[in-house]
Number of protein chains: 4
Amino acid sequence: MQLGLIGLGRMGGNMRERLRGAGHEVVGYDRNQEISDAASVAEMVEKLSAPRVIWSMVPAGQITDEVIGQLGELLSEGDIVIDGGNSKFVDDAPRAEHLATKGIGYLDCGVSGGIWGSQNGYALMVGGSAEDVAKAQPIFDALKPEGPYGFVHAGPVGAGHYTKMVHNGIEYGMMQALAEGWELLEASEYVDNVPGAIKSWREGSVVKSWLLDLLDRALDGDPELAKLKGYAEDTGEGRWTVDEAVRLAVPLHVIASSLFARFESRQDDSRAMKAVAALRQQFGGHAVVN
Amino acid sequence: MQLGLIGLGRMGGNMRERLRGAGHEVVGYDRNQEISDAASVAEMVEKLSAPRVIWSMVPAGQITDEVIGQLGELLSEGDIVIDGGNSKFVDDAPRAEHLATKGIGYLDCGVSGGIWGSQNGYALMVGGSAEDVAKAQPIFDALKPEGPYGFVHAGPVGAGHYTKMVHNGIEYGMMQALAEGWELLEASEYVDNVPGAIKSWREGSVVKSWLLDLLDRALDGDPELAKLKGYAEDTGEGRWTVDEAVRLAVPLHVIASSLFARFESRQDDSRAMKAVAALRQQFGGHAVVN
Amino acid sequence: MQLGLIGLGRMGGNMRERLRGAGHEVVGYDRNQEISDAASVAEMVEKLSAPRVIWSMVPAGQITDEVIGQLGELLSEGDIVIDGGNSKFVDDAPRAEHLATKGIGYLDCGVSGGIWGSQNGYALMVGGSAEDVAKAQPIFDALKPEGPYGFVHAGPVGAGHYTKMVHNGIEYGMMQALAEGWELLEASEYVDNVPGAIKSWREGSVVKSWLLDLLDRALDGDPELAKLKGYAEDTGEGRWTVDEAVRLAVPLHVIASSLFARFESRQDDSRAMKAVAALRQQFGGHAVVN
Amino acid sequence: MQLGLIGLGRMGGNMRERLRGAGHEVVGYDRNQEISDAASVAEMVEKLSAPRVIWSMVPAGQITDEVIGQLGELLSEGDIVIDGGNSKFVDDAPRAEHLATKGIGYLDCGVSGGIWGSQNGYALMVGGSAEDVAKAQPIFDALKPEGPYGFVHAGPVGAGHYTKMVHNGIEYGMMQALAEGWELLEASEYVDNVPGAIKSWREGSVVKSWLLDLLDRALDGDPELAKLKGYAEDTGEGRWTVDEAVRLAVPLHVIASSLFARFESRQDDSRAMKAVAALRQQFGGHAVVN
């Protein structure tokens with residue numbers, strides 16, 4: 001089938017390639033004209049026959065809002081917009097309601113798989129009406145991995161981004177668990193061959209996982225990760241997960257700690273620990289570092 | 001090659017089967033004579049030609065100590081004892097030193113894979129001398145999964161159980177991350193199809209892992225885990241991991257929280273939270289539950 | 001000076017008493033006519049001479065919104081409204097802006113001290129303009145404890161409730177630290193006299209604190225807190241504190257854990273721990289509790 | 001009464017002063033002859049009439065072991081040794097048993113109060129037999145604060161150091177709660193007067209505490225703690241508290257997190273966060289910092 005695809009960066013570009021490989025006709029648009037199939041979003045829309053399906057794969061936030069606003073102007077009744085970016089789930093319902101006034105459908109689709117999805121397929125988590133999902137199903141089928149996994153229609157509009165958000169929260173916790181264990185192995189005098197230990201777990205062990213494979217891959221090139229600083233950004237989903245835990249009164253010790261560890265990694269010095277140092281000096285006369 | 005194998009329970013029995021399938025001659029001993037190949041440990045030893053390799057697969061602690069003590073009496077110079085149980089790493093060096101006085105070698109081998117290892121192979125983490133490892137290598141090769149992963153000679157005596165301990169610490173953290181995420185999905189009004197969300201992550205996603213596969217498998221039979229109580233034992237390695245973090249000054253927020261969550265799961269009521277309730281009543285006149 | 005005081009419950013009633021003891025003229029209003037000094041808010045306003053200062057001491061949320069809306073109708077230029085309830089800091093600026101259109105001033109005042117404030121004085125944290133604070137200062141001076149502490153003009157509108165929110169976050173953490181320590185003492189075989197240990201810390205120790213005094217007081221009546229269930233509500237400030245930590249990228253391990261412990265205390269069973277139990281059963285055949 | 005006091009440093013020197021102020025006869029010994037009342041421990045012992053009470057106030061570990069070993073040689077039946085240092089509770093029983101073979105009594109006494117104890121009195125937590133405690137009670141009475149608090153006979157030998165250990169664990173958690181709250185206040189745009197906010201809590205608030213007083217005191221000299229690095233040592237008790245939590249299966253989220261925060265404060269870079277950065281780069285192509 002035909003698909004309009006807005007945003008041809010690291011993710012969108014790979015998705016275009018995978019979709020074309022599956023026989024779909026993709027008209028991509030990107031601000032970078034060198035990789036774009038159309039001079040403008042309007043031209044992209046014109047190249048597609050109604051009813052159209054347009055996939056937005058641009059950064060969450062203002063840029064996505066602008067793209068969806070623009071599509072609301074250009075599209076017609078019966079068309080469908082899919083937001084495949086990392087939008088916050090609360091932004092989906094207002095968009096869907098706005099588009100619905102013009103008879104345009106809306107699906108939110110969380111996409112996992114990173115830069116490997118082109119080859120392995122992407123895990124897709126979709127929110128929206130069953131009718132709209134059915135219309136876009138050939139696209140989802142081409143993007144997802146082969147076999148019974150990698151796709152879910154999780155619920156109404158918002159459910160896709162919500163599911164992706166929780167997925168990322170879990171991802172934070174699993175990464176941190178691996179990271180803590182690796183640090184402990186490195187710190188201990190008992191184990192000589194730490195990269196070999198990681199490698200041994202890749203098959204047959206309970207912690208067998210794609211993240212473990214990637215850690216092994218990183219250690220292959222840099223066995224003590226000496227080239228990297230212990231500095232990690234966060235892209236929003238981890239924060240929203242903790243906010244949701246607070247809203248819903250769900251205890252989330254591990255995921256929250258993993259998020260806080262990223263915050264700490266970006267601090268040059270810790271104000272909290274200045275206060276602890278000050279208190280130790282005050283009550284015990286303990287030495288401080290200036 | 002020949003192997004003596006002590007302990008033919010859930011793990012040992014499966015291992016005997018896998019080893020025999022690979023063409024090795026296994027003389028197994030178990031207190032349960034119906035499954036044992038020998039009437040006693042002594043008879044088992046007699047059935048093997050020197051130099052012998054004996055694998056102990058009995059519960060860690062006193063039973064393992066007794067088995068290894070007995071082997072010290074029965075074996076001769078050039079034989080090797082392998083402890084494949086979940087022993088604490090600090091127990092390995094004393095045993096190795098004791099056996100060394102008689103010229104008997106000692107290897108500690110952490111074994112992961114649970115009840116699935118018979119079919120998938122077991123991840124093996126070994127500590128000991130290179131010479132002793134080489135002598136037992138055909139056994140390790142038969143037990144481990146096929147391919148480049150699933151085995152490491154991690155360092156000297158103790159390194160195998162240490163690596164397995166950290167593996168289990170990571171396992172605690174990964175399980176808790178999955179568990180927290182699942183609880184949040186269940187608590188939220190946004191997602192209708194929680195088992196489907198879990199299933200969608202099994203391919204193509206960043207959290208793709210064996211533990212996720214097992215969670216999906218559990219949900220297939222009981223979509224809300226309604227048949228289970230939220231009660232989880234711990235088998236020692238998680239505790240030792242946190243003790244090591246304390247000894248080595250390694251921050252382990254996620255793994256420690258995961259361990260504490262298990263402790264909490266076994267409490268009928270929380271004394272700490274009684275104290276919190278009492279304090280709220282004292283300062284604010286807040287209602288309490290009696 | 002004169003003060004209108006709306007809400008004469010546990011907090012407001014005590015405050016009226018303390019203010020009158022200091023020589024101020026308080027016209028209190030409460031829906032409960034038995035304790036009210038006026039038949040309606042309107043009558044209360046009429047009984048005061050302009051420029052008036054009105055203190056709202058009703059539950060945060062809709063009730064406070066209604067009271068402040070009503071005051072906006074009844075008051076005149078030069079009057080001041082003080083919200084002494086536990087409102088969320090983000091609600092303050094819109095209220096202040098609305099009242100400002102009529103020339104009415106607004107102060108937000110976080111109040112700590114609970115049911116003991118009547119006797120000890122209340123710690124007051126105020127947000128608003130210096131001019132408005134100055135007009136109400138005699139009231140603040142009467143409510144606060146004697147001496148140099150117990151009052152701060154923390155910043156512009158919102159700063160008072162914000163400071164109170166952080167105060168409560170710290171309170172959660174301190175309470176949980178005490179609660180954890182008490183649970184550990186109770187669990188250990190080393191200490192016979194746990195209530196005595198708590199009592200010993202009340203003077204001369206580093207943990208000397210009002211919360212400790214209250215724990216001792218609670219144990220005096222019920223040495224093992226056997227009459228209480230380990231169940232603790234939360235009133236919002238703890239949640240907002242964690243939300244702010246997430247917004248501002250401040251690591252808050254202790255305060256977030258304390259909040260999560262309250263969430264846990266209210267669960268009959270833990271879904272997360274059901275998942276952990278399920279996983280242990282799946283990979284290890286470990287026993288579960290049904 | 002008479003007391004021999006070994007170790008006249010920051011703590012011991014102040015204690016000698018407080019005891020003499022209360023009318024007791026103290027013969028102090030210190031390696032630093034300028035402040036010592038005796039040329040040797042032996043001379044100190046000779047200057048005291050039997051039955052003697054000797055208080056050891058030297059660093060925990062080997063030095064304390066040596067002092068107590070020496071006292072075992074020099075003292076006689078009916079004498080009493082008190083260890084007032086921060087010894088680990090497990091070390092007490094072996095010492096008591098050794099001294100008991102010569103009829104010498106042993107008490108372990110946890111001492112809190114830091115450099116302020118000389119003036120405020122010290123909180124004392126004592127383990128040992130009722131008879132031995134009674135013999136030393138006049139000393140305890142002079143060292144403790146006036147009034148009903150500041151002293152407990154917590155249980156048999158070991159109970160004193162155990163109680164002090166838990167006290168310090170609580171102290172870690174309370175300090176961290178204060179530190180986190182202060183960091184959040186500093187990070188927020190809502191509060192202008194952070195030192196004033198801290199000061200306001202010193203009277204009338206729920207978080208009123210000695211540690212808060214000390215934080216205010218530190219901020220008086222350095223309102224943003226700009227002169228201090230966020231670096232905090234730990235002196236053992238926090239670690240032992242977490243080890244005990246692990247042994248006794250008591251969930252200690254807050255205290256363990258506080259300990260881990262100190263570990264983190266001493267790391268130049270975080271290995272765990274290198275691993276997290278590596279994983280983000282691997283799966284998402286996310287930028288890293290080198």
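Analyst: A salt bridge is a side-chain nitrogen of Lys or Arg within 4 Å of a carboxyl oxygen of Asp or Glu. Keep that in mind as we look at this predicted model.

User: What makes the pair A:Arg247 and B:Glu189 a salt bridge?

Analyst: In A:Arg247 and B:Glu189, the closest N and O atoms are 3.1 Å apart. The cut-off is 4 Å and the pair is an Arg with a Glu, so the name fits.

User: How many salt bridges are counted between chain A and chain B, and how many between chain D and chain B?

Analyst: Between chain A and chain B the count is 2 salt bridges. For chain D and chain B it is 0.

User: How do you know that chain D and chain B are in contact?

Analyst: Contact needs heavy atoms within 4.5 Å, and 21 residues of chain D meet that rule with 21 residues of chain B. Together the two chains bury about 1,700 Å², with 68% of it on carbon and sulfur atoms. D:Val246, D:His253 and D:Phe260 supply 34% of the area that chain D buries against chain B, more than any other three residues. There are also 6 residue pairs in polar contact across this interface, both residues being at pLDDT 80 or more.

User: Which element gives the largest share of the side of chain D that touches chain B?

Analyst: That is H11(D), with 7 residues. By class, this side of chain D has 13 nonpolar, 3 polar and 5 charged residues.

User: And what does the interface of chain A and chain B look like in numbers?

Analyst: Here 71 residues from chain A and 71 residues from chain B take part. The buried area is about 6,000 Å², of which carbon and sulfur atoms give 71%. The count of residue pairs in polar contact is 26, with both residues at pLDDT 80 or more. Helix H7 (159-187) is one of the elements of chain A that supply at least two residues to the side touching chain B. H7(A) gives the largest share of that side, 18 residues.

User: Why is H1(B) called roughly perpendicular to H6(B)?

Analyst: The axes of H1(B) and H6(B) come within 9 Å and cross at roughly 105 degrees. Angles of 65 to 115 degrees count as roughly perpendicular, so this crossing earns the label.

User: Which residues make that contact?

Analyst: From H1(B) come B:Met15, B:Arg18 and B:Leu19, and from H6(B) come B:Ile139, B:Ala142 and B:Leu143. These residues divide into 5 nonpolar, no polar and 1 charged. Arg counts as charged, so B:Arg18 is the charged one.

Methods
Residues are numbered from 1 along each chain as its sequence is written. Chains are lettered from A and ligands numbered from 1 in the order in which they are written. This is a predicted model: local features need pLDDT of at least 70, side-chain atom pairs count only at pLDDT 80 or more; totals for chains, interfaces and linings use all residues. Side-chain values use heavy atoms; hydrogens and water are left out. Buried area is the accessible area (1.4 Å probe) that two parts lose on being put together, summed over both. A polar contact is a pair of N or O atoms within 3.5 Å; within protein, one must be able to donate a hydrogen and the other to accept it, and residues adjacent in sequence count only if both atoms are side-chain atoms. Helices (H or I, at least four residues) and strands (E, at least two) are DSSP runs, numbered from the N terminus. Axes are lines fitted to C-alpha atoms, for helices over the stretch in contact, and angles run from 0 to 180 degrees between N-to-C directions. Angles under 35 degrees count as roughly parallel, over 145 as roughly antiparallel, 65 to 115 as roughly perpendicular and the rest as oblique.
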